[in-house]
Amino acid sequence: MKLLVPQALMLLAEGALVSGALDRDKALSIGIILFPGFQPLDVIGPLDIFAGASGQQNMTISFLWKIAGPVSSVGPPRLFPAAPRPNLPPAIYPRQAVSIMATHSFADAPPLDILLVPGGMGNRYLNDTADTAMEDFVAARYSSLQYLLSVCTGAATLAKSGVLRGRKATTNKAAWTWATSFGEGIQWTPTARWTEDGNVWTSSGVSAGMDMTYEFVKVLLGQDIAASTINGMEYTPHTEKGWDPYSVVFNVAGADTSRPLGDCVGPVGFNFECAGEKLTAA
């Protein structure tokens, strides 16, 4: 099912698509991939925005994995553990998990307009075991999608699927070296909260997926729906895609160190002022 005519899709690629250019009477089909060890906020953050907007746009949301059923956010231990990262403390106690029900397997997934791929430590295990189910699904479905989105190290899945070749993309900055080791011909962008290249959107780590999804919904459904949804969540999104202090925090090569690490945020659609004083996080 095509919700955007080819001309509109061309305008999107040129950055000129008029916000809200969708038929509200047609159901927008959104798929979110799960896998053992997914990062919860990568899924739940964008999901909450889509779910909030669903009251004003007809849509269905499906959760996808190799088999239908509950999928835990804690995956199997890695076969080839990486060296500890100094900026991220090692776990001392067993990690707790949430589970989300996969409504469909990859084999019986419905037609999709939008596909979102999260990240999480579990994708390392899948890589260790040469499990390409996610990449195969992305590659097989991409040509029929209107949009493809990734959060965090979900960009590694996109890279391995081949859809990022010739495109700009970003990913989690703490996992930058690992995630950007995949794929060819990709313009990895270190100082970016999110990137847009044609119909492919990628975000930085974890919470950045909410910022990307807010902007995505604004482009797709219009400012009014996006603003009412995000303000209803009482979330203040970072709205500048080129702001990314974590590229500095995690010493990513090529990071823009000349920009302020802090960002002034407030409710969207309202005027507000930020204190001009220099602040240091406690």
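How much area does the protein chain expose, and what share of it do carbon and sulfur atoms supply? In this predicted model, the exposed area comes to about 13600 Å², and carbon and sulfur atoms supply 56% of it. The chain has 282 residues, and 48% of them count as buried. Its secondary structure amounts to nine helices and eleven strands. As for contacts between residues at least 6 apart in sequence, 74% of them join residues that are at least 24 apart.

A good place to start looking is strand 1, which covers residues 28–33. This strand is mostly covered, with six of its six residues buried. L28, I30 and I32 point one way from the strand, while S29, G31 and I33 point the other way, and all are buried. That back-and-forth fits a general pattern: in a regular strand, side chains alternate between the two faces of the sheet.

Strand 1 also has partners. With strand 2 (residues 59–65) it pairs in the parallel sense, over six bridges. Within this pairing, S29 stands opposite T60 of strand 2. Strand 6 (residues 114–117) also runs parallel to strand 1, and three bridges join the two. Here the bridge partner of G31 is L115 in strand 6. Taken with helix 2, strands 1 and 2 make up a right-handed β-α-β unit.

Helix 2 itself spans residues 40–53, and I44 lies in it. Is I44 buried or partly exposed? I44 is partly exposed, because its relative accessible area is 37%, which falls between the 20% and 50% cut-offs. Together with L41 and V98, I44 forms a nonpolar patch on the surface. The three residues have about 200 Å² of accessible area together.

Further along the chain comes helix 8 (residues 223–232), where T229 is found. T229 counts as buried because its relative accessibility is 7%, and the cut-off is under 20%. Which residues does T229 touch, not counting those up to four places away in sequence? They are I49, G52, A53 and Q56.

Another residue worth a look is V151, which sits in the loop between strand 7 (147–150) and helix 5. V151 is buried, since its relative accessible area is 0%. Leaving aside neighbours within four places in sequence, V151 is in contact with a list of residues from several parts of the numbering. Among them are D42 and P46, then L116, V117, P118 and G119, and also S203, S204, V206, G209 and M212. There is a link to G205 too: the C-alpha atoms of V151 and G205 are separated by 6.6 Å, although the two residues are 54 apart along the chain.

Past that loop, helix 5 takes in residues 154–161. Helix 5 is mostly covered, with seven of its eight residues buried. The buried ones are G154, A155, A156, T157, L158, A159 and S161. Right after the helix comes G162, whose phi is positive, near 95°.

Conventions
Residues numbered from 1 in each chain as written. Predicted model: local features only at pLDDT ≥ 70, side-chain atom pairs only at ≥ 80, totals over all residues. Heavy atoms only, no water. Patch = residues over 30% accessible without salt bridge, like charges linked within 9 Å, V, L, I, M, F, W, Y side chains within 5 Å. Areas by Shrake-Rupley, 256 points an atom, 1.4 Å probe, with all protein chains shown as cover. Salt bridge = Lys/Arg side-chain N within 4 Å of Asp/Glu carboxyl O. Helix = DSSP H or I, 4+ residues; strand = E, 2+ residues; numbered from the N terminus. Buried < 20%, exposed > 50% of the residue type's maximum accessible area, 1.4 Å probe, protein only. Pairing = 2+ DSSP bridges. Right-handed = clockwise from strand over helix to strand, strands pointing away. Contact = heavy atoms within 4.5 Å.
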